[in-house]
Amino acid sequence: MLKLNVISYGAKADGTTDSTKAFLATWAQACGSTNPATIYVPKGRFLLRNVDFPGQCNNNAIVIRIDGTLMAPADYRVIGTANNWLSFQNVDGVSIFGGILDGKGTGLWACKNSGKDCPSGATSLSFSNSKNVVIIGLTSLNSQMFHIVINGCHNVKMHGVKVSAAGNSPNTDGIHVQLSSSVTILNSRIQTGDDCVSIGPGATNLWMENIACGPGHGISIGSLGKDQNEAGVQNVTVKTATFIGTQNGVRIKSWARPSNGFARNIVFQHVVMKNVQNPIVIDQNYCPGNKNCPGQVSGVKVSDVTYQDIHGTSATEVAVKFDCSSKYPCTGIRLEEVKLTYKNEAAEASCNHAGGTASGYIQPTSCL
């Protein structure tokens, strides 16, 4: 086992010295090794510009153990035009344990919220075209854009991840998964300004359990169907989740445009809603600005979605809203043991083009 310390390669734990080259040199050594390697980041604050950690490595067992904090530059323009701050591409068998990633995003959020012309911002941590990835006990603070993105990956495990950003921070999705298979997210706490977890096209076999979300926009599948040709989403389970004061609870969202996309075999189970604006929602009429949505109809087929043991309080009267495609109605929606109230009264449900069944105690009364 090769053991490497970023300090030995010139990194400084003072929060002001640029340690980018030192981290790259350490990575090159670990990635070039034919033996398993550990990269150690000790306590302290390490300033990093945007860093790409490329594969293909000579081994498939690199552990990155972080006891310190990685900091983005205070001036958001330094990394704001890069897609990613810390990016891993084409790696196999990389594990990250611990660490705090401080994206220093507040300046960029202020710029965006003031309506000025601003860079779009960098995702704090990205894994693309990679496999056998483990992320345990990592904290992401104040990302400029998304906190963590999993794109084109297979077999990813995230455990004990903490995400924290202001509730009004724009486009700061907590964990975004797309074009990836066999991804599990366990025991994680997400507080942010956009979706806690967003699931994009091509996500399959995704398991999320023990997730706390709020503030944020909930757990969202979508937006799907932006493109005519699009990989579908299937086999997604959300089990034991709590939503506190979020904009949505569990949401499926598609553009009102032609598409061959789909969302199927989805289970939302054992979910508590606390003062959530839209606890259960399928919205297939998404079209911001009402541009480029011919006929205002979604081609995305939504089928076999189960909502089981979901209870709590809605912040609006309509707690269950299934607004499906008029061309491809939702099918196989199952409600089992759902109890949602609004101001201590029964909430309401609203259905358009939604087919399915209800069993057990259902409140609001099913409109399927």
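**Figure 1. Residue classes lining the second largest pocket of the predicted model.** The lining holds 8 polar and 2 nonpolar residues, with no charged residues. Strands E9 (123–128), E12 (148–151) and E15 each give two or more residues to this lining.

**Figure 2. Volume and lining residues of the second largest pocket.** The volume is about 150 Å³. Asn83, Asn84, Thr123, Ser126, Ser128, Phe146, Val149, Asn151, His176 and Gln178 form the lining. Strand E9 gives the most to this lining, with 3 residues.

**Figure 3. The centre of the largest pocket.** This pocket contains about 430 Å³ of space. Of its 20 lining residues, Phe146, Asp173, His176, Gly222 and Ser223 lie nearest the centre. Phe146 and His176 also appear in the list of residues lining the second largest pocket.

**Figure 4. Strands at the wall of the largest pocket.** The elements with two or more residues in the lining are strands E15 (175–178), E19 (219–224) and E21 (248–255). Among these, E21 gives the most, with 3 residues. Strand E15 also gives two or more residues to the lining of the second largest pocket.

**Figure 5. Residue classes lining the largest pocket.** Here the lining comprises 8 charged, 8 polar and 4 nonpolar residues. Charged residues are thus part of this lining, whereas the lining of the second largest pocket has none.

Conventions:
Residues are numbered from 1 along each chain as its sequence is written. This is a predicted model: local features need pLDDT of at least 70, side-chain atom pairs count only at pLDDT 80 or more; totals for chains, interfaces and linings use all residues. Side-chain values use heavy atoms; hydrogens and water are left out. On a 1 Å grid over the protein atoms alone, a cavity is a set of points where a 1.4 Å probe fits but cannot get out, and a pocket is an open set with protein on both sides within 12 Å along at least five of seven lines; lining residues have an atom within 4 Å of a point. Grid points are joined across faces, edges and corners, and a volume is the space filled by probe spheres set on the points. Helices (H or I, at least four residues) and strands (E, at least two) are DSSP runs, numbered from the N terminus. Ala, Val, Leu, Ile, Met, Phe, Trp, Tyr, Cys and Pro count as nonpolar, Asp, Glu, Lys and Arg as charged, and the others, Gly among them, as polar.
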